[in-house]
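Student: I would like a close look at a single part of this protein, taken slowly enough that I can follow each step on the structure. Could you begin with a sheet and then move on to what else can be described?

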Amino acid sequence: MTGPRYTAAAGVHALLSDGTTVEVRPARPEDHAEVARLYREMSPESVRSRFFAAGAGLGERAARRVRDAAGTGYLALLALAGARVVGIAEYERSPRDPTTADMAVAVGEGWHRRGVGTLLLEHLAHAARAAGVTSFTADALADNQQVLKVFADLGLPVSRRFEGGEVRCAVRLDMGDERYLRAVDERDRRADAASLRWVLRPGCVAVVGAGRRGGSVGHEVLRNIRRGRYTGLLYAVNPHARFVEHVPAYPTVGALPRVPDLAVLAVPAPEVPRVAEECGAAGVRALVVLTAGLDAERGAALLAACRTHGMRLVGPNCLGVGNPEDAVRLDATFAPPGAVAGTAGVAVQSGGVGIALLRGLSRLGIGISSFVSLGDKYDVSGNDLLRWWEADGRTELAVLHLESFGNPRAFSRTARRVARRMPVLTVDAGRSPAGRRGAASHTAAAATPTMSRQALFAQAGVVATHSIGELLGVAALVHGQPLPGGPAVAVVSNAGGAGVLAADACQEAGLTVPEPPPELAEALLAGLPAGAGVANPVDVTPAVTEAQLASCVGRLAGHGAYDAVLVVLVPTALATARGEDLTRGLTAGPAVPVTVAAVLLDQVEPVRLLPARGRPLPAYADAPAAARALARAAAHARWRARPAGTVPELAGLDPARAAGLVESFLRGRPDGGWLDPPDCVALLDAYGIALGPSAWVTGEAEAAAAADRLAGPDGRVAVKAYGPGLTHKSAQGAVRLDLVGEAAVRATFRDFTARLGDRMGGVLVQPMAAPGTELIAGVTQDEVFGPLVLFGLGGTATEVLADHAARLAPLTDTDAHELIGAPRCAPLLLGRHGAPPVDLAGLEGLLLRLSRMAEDLPQLAEAELNPVVARPDGITALDVRIRLLPRRRHDPYPRRLG
């Protein structure tokens, strides 16, 4: 794992363990005085721990290194709170071994035990790793338990050697180690939860820009806070009033009798930067900016004020935030009132979507644990809210609507962890070109490619629905019922036609509707009215009673043959005449061990939760909605049950040789471009990926000789032209197959030369491969999501049929296995009608090696192996194209805001 190369200008903001924001950046010569002050103000004990001695001049000499150090072997990173240096971490390479560096860290007085040292060491380790350093060494006094604990808690492998009263520590910089990533995740979670308490559990709130007249945004927010019976102190900021909505008003934030934890800004766009700066100077800990229409300059000034003063920021251009728990009761939104307290955490970018979800979840009775409208998402993101819900002790269901992603890898790691504890639901917005245009214009950010986003959701266990209505339908099911253990559904109906339609809907959603075993069918018939059918769908007839229906559902649920029961009920005069309510037959009995859902064809609401003795019963207005909800829940259950997977160690890799090939190519082609076939073969070979036998030639006679040498027993060869602009060779007439004999090869070469001219740099001669299933495997670097591994049906049909699936790198063994099974062509690979399966282990290995290559080489813009011929006796890649661009890795793992 490599990290960003720190320069004098590079800097990021990050959270300490108590939620405080600091800036981490490289030291500059002009920082000398501030670093000297840091050391000068340290206690004698801290000076002794840092320098192993006492003396006023030790800190000054250390500070001079910041001013005077030159060359590439030294780096110092500072942690700054505003303009004040609160910590420093530095390394210097060993002159004997440049892969090793001596490291030291110091933290200012009053800043201990807040995570300053750990944060600095994280960033220092990633910067060192990017510069080729693989291990740190550090000395500490044996009684300096605090710094020894910092080293131990990093999550990196640490060895210690005691020498008298000192300890020599060696830290291996293995940032790809899962233990280290888990440690970073946990630090991120704690810091996020600490910082968001000012947003969601503030003790004092001020609404800045609260107008005296109703109908303005600020006035309505203030009214909602007061009407919601907020438990903390509440102020308005309005220079023209003493009270607004019976709330005390003051002319400025600085004039408030108490510094608010949270300020809600509803001021005109030109005023936002000034008010944000005023809030920061007063000591406000968090801002919610409702104002829309900030241009780039004002937006940058707003964010700068928040970073300088350590304030978390929700928005701008947002609906507000809410937390209805009894100890807070905060509704700092201008949404219609009425959201009820509950167990669903909601984070949205669109205010309209937020209002719809608030109303829908409240109507269902699920309710809200907390609500955050992210708006333009300058700071607080979906990642932050997932971490909050993970730790708040109240949230049982996470609901997200995200139109863009800032750090998809961090989101993926967080979502994977959270989704194993609670369902994480989202609306997959921007699936169509029109939708992507709308998302981009709404958020002023480029929309993410559909395939990348869907790969992220699939790997992270996020349940991605296609509409708000579908999301609410899934929420109702997972809130009230256990997750289905599999896809097998028993459909029960008192109207045969409705049952058939429901069975169709289940199968169209990817579920199965199997017949019951004979003994179960016999037991069902014995308890149902004459004329009942039990083949599945089970037709209980209009004559069924409450008791018979309840008994039938209970038998189906308790047998073990089915993972879910879907009951479809049509109102009939027979039940009415008997004074019976068949729905009561479903809700009055005890809970059953599988998922149960109902379709009530006389129901007006798309979905509702019916009170039941065991657990709430989701009831839908139509069968397709119920089937989709069951299918989503079953897929999520499968994801939870699968092994988490690991990124396996691969033999036969030579990443150093691959990096050298890439650097050599880009030295000659600084703007990047397509590799020639020999370079493609060499790059693939560095990752243990073999292309079929071939010869790269540039002349007619060479082509004929290569064909004679490579032709198999049948004498057939393929000749393919390569060169600038020949990226779709078949469509451009640059491929000839089944050529036999020297004359045919020579004629093909002359034809290519005449037609393709300067576009042809040479030809590849290959023997014709044995027939098999033609596949495509490749990688592409997504600007937002990083490397994406693609797999599916290949050959000339790849673009026509578009039967592809993708997963984000790095692939785990589980990811690779699931990727092979994801395209529609998967049954062709698994063996049909007695035919053996293709070499699945070879396919998995190919995908894992492509994933590793893309991870190691950020310059790898795209690589495509097409076709890859899959047979039971092996996997053969017949064609490859690789494009390189001068890119550097963006390391997503050092903690940072934004």
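**A sheet, a helix contact and two cores**

Tutor: In this predicted model, one open sheet consists of 6 strands in the order 24-23-25-26-28-27, and its pairing is mixed. Strand 24 (538-539) and strand 27 (607-610) are the edge strands, each of them pairing on one side only. In general, the strands of a sheet pair through backbone hydrogen bonds, either parallel or antiparallel. Strand 27 pairs with strand 28 (residues 617-620) in the antiparallel sense, over 4 bridges, and there Arg 608 stands opposite Ala 619 of strand 28.

Turning to the helices, the axes of helix 6 (residues 178-200) and helix 11 (residues 382-391) come within 9 Å and cross at roughly 90 degrees; since angles of 65 to 115 degrees count as roughly perpendicular, helix 6 and helix 11 are therefore roughly perpendicular to each other. Among the residues making this contact are Asp 188, Arg 189 and Leu 196 of helix 6, together with Leu 385, Arg 387 and Trp 388 of helix 11. Sorted by class, the contact of helix 6 with helix 11 has 6 nonpolar, no polar and 7 charged residues.

The largest nonpolar core has 59 residues, and those with the most contacts inside it are Ile 225, Val 264, Val 321, Leu 330, Leu 386 and Phe 411. Helix 6 gives the most to this core, with 5 residues. Apart from this core lies another, of 50 residues, including Ala 335, Val 463, Ala 564 and Ala 626.

How values were computed: Residues are numbered from 1 along each chain as its sequence is written. This is a predicted model: local features need pLDDT of at least 70, side-chain atom pairs count only at pLDDT 80 or more; totals for chains, interfaces and linings use all residues. Side-chain values use heavy atoms; hydrogens and water are left out. Axes are lines fitted to C-alpha atoms, for helices over the stretch in contact, and angles run from 0 to 180 degrees between N-to-C directions. Helices (H or I, at least four residues) and strands (E, at least two) are DSSP runs, numbered from the N terminus. Angles under 35 degrees count as roughly parallel, over 145 as roughly antiparallel, 65 to 115 as roughly perpendicular and the rest as oblique. Contact means heavy atoms within 4.5 Å. Ala, Val, Leu, Ile, Met, Phe, Trp, Tyr, Cys and Pro count as nonpolar, Asp, Glu, Lys and Arg as charged, and the others, Gly among them, as polar. A nonpolar core is a set of buried Ala, Val, Leu, Ile, Met, Phe, Trp, Tyr and Cys residues joined through side-chain atoms within 4.5 Å. Buried means under 20% relative accessible area, exposed over 50%, partly exposed in between (1.4 Å probe, protein chains only). Two strands pair if DSSP finds at least two bridges between them.
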